[in-house]
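Visitor: I am new to this structure. Could you show it to me and explain the words you use for it?

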Amino acid sequence: MADSTNGSSRSFRVIGTRPIRHDGIEKVTGQAKYGADYAFPGMLYGKVLRSPHAHARIKAIRTEQAAALPGVQAIITGADFPDIPGTTAMMGELIVNTHYLSLNVMARGKVLYDGHAVAAVAATSPHIAEEALRLIEVDYEPLPPVMTAAAAMKPDAPILLPEIRSKFIAGRTDPGSPEGPDQPTNVAAHIQFQRGDLAAGFREADYVVEREFRTATVHQGYIEPHNAVALYNSDGHATIYCSTQGTFNVRTFTATLLKMAEGDIRVVPAEIGGGFGGKTTVYLEPLAVLLARKSGRPVKMTMNRAEVLRASGPTSGTWIKAKMGAARDGKITAAQFWMAYEAGAFPGSPFAPGAMCCTGPYNIPNLLIDSYDVLVNRPKVAAYRAPGSPSSAFACESLLDELALRCGIDPLEMRILNGAHEGTPQPAGPPYKRIGFIETCAAMKNSAHYRSRLEGSNRGRGVAAGFWFNGGLQSSAAVNLHPDGTLSVVTGSVDIGGSRAAMAMVAAEVLGVAAEDVRPIVADTDSIGHTDVTGGSRITLATGMAVYEAAEDVVRQLKQRAAKLWEKKPEEIEFSNGRLSAIDNGVKPLTLKEIATRLARTGGPISGRATLNAGAVGAVGNAFAVTCVDVEVDPDTGKVKILRCTVAQDVGRAIHPAYVEGQMQGGTAQGIGWALNEEYVYDEHGILRNTGFLDYRMPTCLDLPMIETIVVEVPNPGHPLGVRGVGEVSIVSPMAAVANAIYRAVGVRMTELPMPPPRLLKAMLQDQPRTEELHPVAAD
Amino acid sequence: MPTAEYFAPTELRDALRLLAERGNQITILAGGTDLVPQFNCRELRPHALLYIGKLGLNYIIAKNGGLAVGSATSLEEIATNRLVFERAPVLAQAAAEMGNPTIRNVATIGGNLATASRAADMPPPLLALDAELSLVSERGERVIPIGEFFKRAHKTVRLADELLTEIRIPSVKGQTAFVRHGRRKVFSCCVASVAVRVVMDGGKCADARIVAGSMASTPVRCLGAEGILQGKHLTSELAVEAAAQAVGECKPIDDDRATAWYRRRVIKVLIERAINRASDL
Ligand SMILES: Cc1cc2nc3c(=O)[nH]c(=O)nc-3n(C[C@H](O)[C@H](O)[C@H](O)COP(=O)(O)OP(=O)(O)OC[C@H]3O[C@@H](n4cnc5c(N)ncnc54)[C@H](O)[C@@H]3O)c2cc1C
């Protein structure tokens, strides 16, 4: 099923094999502890009262009646939170403003979306807590909601946050942009990338296509809802057990929001049932700590699915106007993108990464990209797999498909012709290091899928490409040698995609042991050095690099011990395949197991360590993917069936190929859901209508074929093992690939996501005339 | 803290007694797949629950050439039972396509009817099969055609002291088909559904049932469309004509799952396809 294009001949013993994951048995037998599984004596249950309005002023909150309910132990509202000045911090891939983070976890003054927290209760049972919520009285003065970027950018739009003034972003923008003079605005930020001479570029073009695109708010849809269990000791120390992608983020955010010292908080990672970026911030954790502090008892909080959908962070809906020109030979001459990303109620959409990735796969000489961060009365967005990139890629890859048709060029050929390679400037300016985009396109072009013929009416094949820059950031690791010669690898990286296995394999490779001889441990925030989020596809890359260096540190120490035993210099000792030997021979080599028993006599235990910063986001491990999808459209109902789907991706080096393929398939599946059915449906008052998985429709396994994978390995020169991140880029291209396939099936160009049956049927009935001859996508 | 009383009688007469005494305050609980989510989000706050799973109402038996199905029979049972397969295959198919395996294991046919949801999957095939419902109370039994059961969305003619005990499917002739359109293959509520039964006699259609579900507040029998088929050779052109007539009879609604515009388009296609499938065209 998986083709592999191996870009290097380096040979490995452990890397590239498929051992059983270390945490597998615990998980399939139900022994693994997720956040909601923790319980402590005397524990209370916390519940959150949420706004029934999309936009309203809070005039009064009365909690006396609720407090009088037997079993209620503590109640908190916005008044219990300290004022946090606005400071921005880079947290993984996204920028976080702690002032707004505080307002998001508990409203003050105004509620800004349906589901916004206004109070929380801790009681002796969850039912009592829920009853107590009903007894809290809140007087609201409803305000008109602003639900879309288009509405929010109108000059007379109701304003969400009056302190956001256009002057903050003026000067960074071109004249004529919507900021204008200093006045309140819903546009929180703007970014622009520019190169070449746009007008000249479009003049050179033989074909120019221009369209407007829209994409809906979508949710990551992780299975496990948010949770937190907090303990607050009388000495002022707090411990939080929760499912998060970033324990250190939770510590920093909770400390900041509650004005506590970071050192007074310990965060213990529970197992995590999915996150996809959505668990990189805090919602319940500060509330649970505050309730625990107020009540003096442990407090557990869990969200239900409706709360997750209403009040955690989905990703932005977008509105994009795009224009692209190409010469007859297929060379792109110019492109322009104007993009508005809905941030939700507070600033911080992925408008910048969206712009940085937009035309990322291509070398476009004349380019102008404007991207805006726009406030709307929806939940504040959080990261979602390659945040920002899927929406801009939907626009870019749709236009590219049209141009390929106009030029009469095979769509993959078109992408190769314009493809970025080492030295090509990224949309943001800096040139790429060694990347594998061309190799990925070529692998798809040579695939069994792409070479097959697709026959039958109402069927079509579409391709699209995607770019995600990936993250480096900070990681720490320790490798401990046990007396029996086995090892443990300790990191601070929550395992969300099989990274325990990858960490063990990296250490096993360096130390010449089997992956099974290494036990990977994910430690709490007091037990390992600082480690940034599990996000940005950075764990196998950056934490893997720390593990690699920590294992090398073990090797260095082993050599010292052997030197001591053999009365030689460390430089005279060799280590390979798990055996120590002396260069000039004369001594009997020692295996790791043998020396492990003699540590006490040679200086004590061996523990290797490493900490590092693997580089800024985007500086290392850039990744590309190409999706090819065959669809069949039911011409009477508009329903799209996915017949076949293949994803090719440059992964640098596949440490554990099964988990690499799993990431590629998972991103593709989510992308197809985003393409066809997923969307937040709000009524005219801004109330979310589809608050469960029955009507927030992610695809089930029956809706998708087995997704085929092509693992391309163009090693990352900045990594000792050649690793690039693999977790995100596969979600970038499916939306455009499906849209392009639909076009080739029924001649309708869909510019709005999702593309559910009613919308597609309507478009088909509008009978758009085809502007060009369709050229079969199957190469023989 | 309000709590609910809970009764789980093992004798029908005890259940009927409770309903007679406190019918208005009692919520009948079968599989709970409709009720429990409403309890959880406090949409419904029952005073007392009457669980009917221990009353022996879980059965499928052959009766008068047709079937008698106990109201507490699970949809999984209906989807996999041999008798249903032989005598009412359209019902088995509709049950098999409903919800997902975990839901089907506990959801009951009685609950599916008594909920009277627009999107319910059991009513259209049961209407096409001329099923009858038995409503029992201390006052006795009344048997009504299923077509008279639904008043509007979430409202039936069942009185507070009555329990729906049995669904009776007579021995009916003809070939049947059920077609549903949801937004996913599984685990999705219907946007539109159609059950069709055609009785062929000497190459002509002697009798027909065309029932549209998820359209209006109750399932709709399309009598005009049935009339178009009556006495004719069934062709795909005739199916188109009948479908066009049926659209006019359906009066579809707008809701979060689809607009009336889309329902009209889709129901037409589904009816055509169902007629064609039932008559092997
Ligand atoms: C995830 C999910 C997916 C679903 N998918 C579908 C689907 O695809 N198609 C579909 O049709 N439905 C679907 N449903 C709805 C539900 O499962 C069905 O309506 C089911 O058949 C209800 O049966 P129950 O036994 O669970 O009813 P309950 O929840 O126990 O009861 C439902 C109602 O009927 C009343 N009642 C039950 N039995 C009797 C009786 N014998 N006499 C009088 N009143 C009675 C109850 O008082 C209550 O008002 C779905 C539900 C969920 C949660």
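Guide: Here we go through some terms and the values behind them. One caution: this is a predicted model.

Visitor: Why is Arg42(B) called exposed?
Guide: Count the other C-beta atoms within 10 Å of Arg42(B): there are 12. Exposed means 12 or fewer, so Arg42(B) is exposed. Arg42(B) sits in the loop between helix 2 and strand 3 (48–51) of chain B.

Visitor: What makes Ala116(B) buried?
Guide: Ala116(B) has 21 other C-beta atoms within 10 Å. Buried needs 20 or more, so Ala116(B) is buried. Ala116(B) is in the loop between helix 7 and helix 8 (123–128) of chain B.

Visitor: What is phi of Ala116(B)?
Guide: Phi is near 55° there, a positive value in a residue other than glycine. Arg42(B) also has a positive phi, near 60°.

Visitor: Why are helix 7 and helix 8 of chain A called oblique to each other?
Guide: Look at the angle. The axes of helix 7 (residues 247–258) and helix 8 (residues 285–295) of chain A cross at roughly 55°. Roughly parallel needs an angle under 35 degrees, and roughly perpendicular starts at 65. The angle falls in neither range, so helix 7 and helix 8 of chain A are oblique. Their crossing is right-handed.

Visitor: Which residues meet there, in helix 7 and helix 8 of chain A?
Guide: Val250(A), Thr254(A), Leu257(A) and Leu258(A) in helix 7 meet Glu285(A), Pro286(A), Val289(A) and Leu290(A) in helix 8. This contact has 6 nonpolar residues, 1 polar and 1 charged.

Visitor: Which residues of helix 4 of chain A are buried?
Guide: Ile128(A), Ala129(A), Glu131(A), Ala132(A) and Leu133(A) are buried. Their cover includes strand 2 (44–50), helix 2 (64–68), strand 4 (72–77) and strand 8 (117–123) of chain A.

Visitor: Where does the ligand lie?
Guide: The ligand lies between chains A and B. Of the 30 residues around the ligand, Ala30(B), Gly31(B), Thr33(B), Gly111(B) and Asn112(B) come nearest. Helix 7 of chain B gives the largest share of the shell, 5 residues. By class, the shell has 15 nonpolar, 12 polar and 3 charged residues.

Visitor: How many residues of chain B are in contact with chain A?
Guide: 19 residues of chain B are in contact with 22 residues of chain A. Helix 11 (residues 260–278) of chain B supplies the largest share of chain B's side, 4 residues.

Visitor: Which peptide bond from Leu753(A) is cis?
Guide: The bond to Pro754(A) is cis, with omega near -5°. Pro754(A) lies in the loop between helix 20 (734–746) and helix 21 (757–765) of chain A.

Key: Residues numbered from 1 in each chain as written. Chains lettered and ligands numbered in written order. Predicted model: local features only at pLDDT ≥ 70, side-chain atom pairs only at ≥ 80, totals over all residues. Contact = placed C-beta atoms within 7 Å. Helix = DSSP H or I, 4+ residues; strand = E, 2+ residues; numbered from the N terminus. Axes fitted to C-alpha atoms, helices over the stretch in contact; angles between N-to-C directions. Parallel < 35°, antiparallel > 145°, perpendicular 65-115°, else oblique. Left-handed = near helix turned anticlockwise from the far one by under 90°. Nonpolar A, V, L, I, M, F, W, Y, C, P; charged D, E, K, R; others polar. Near = placed C-beta within 6 Å.
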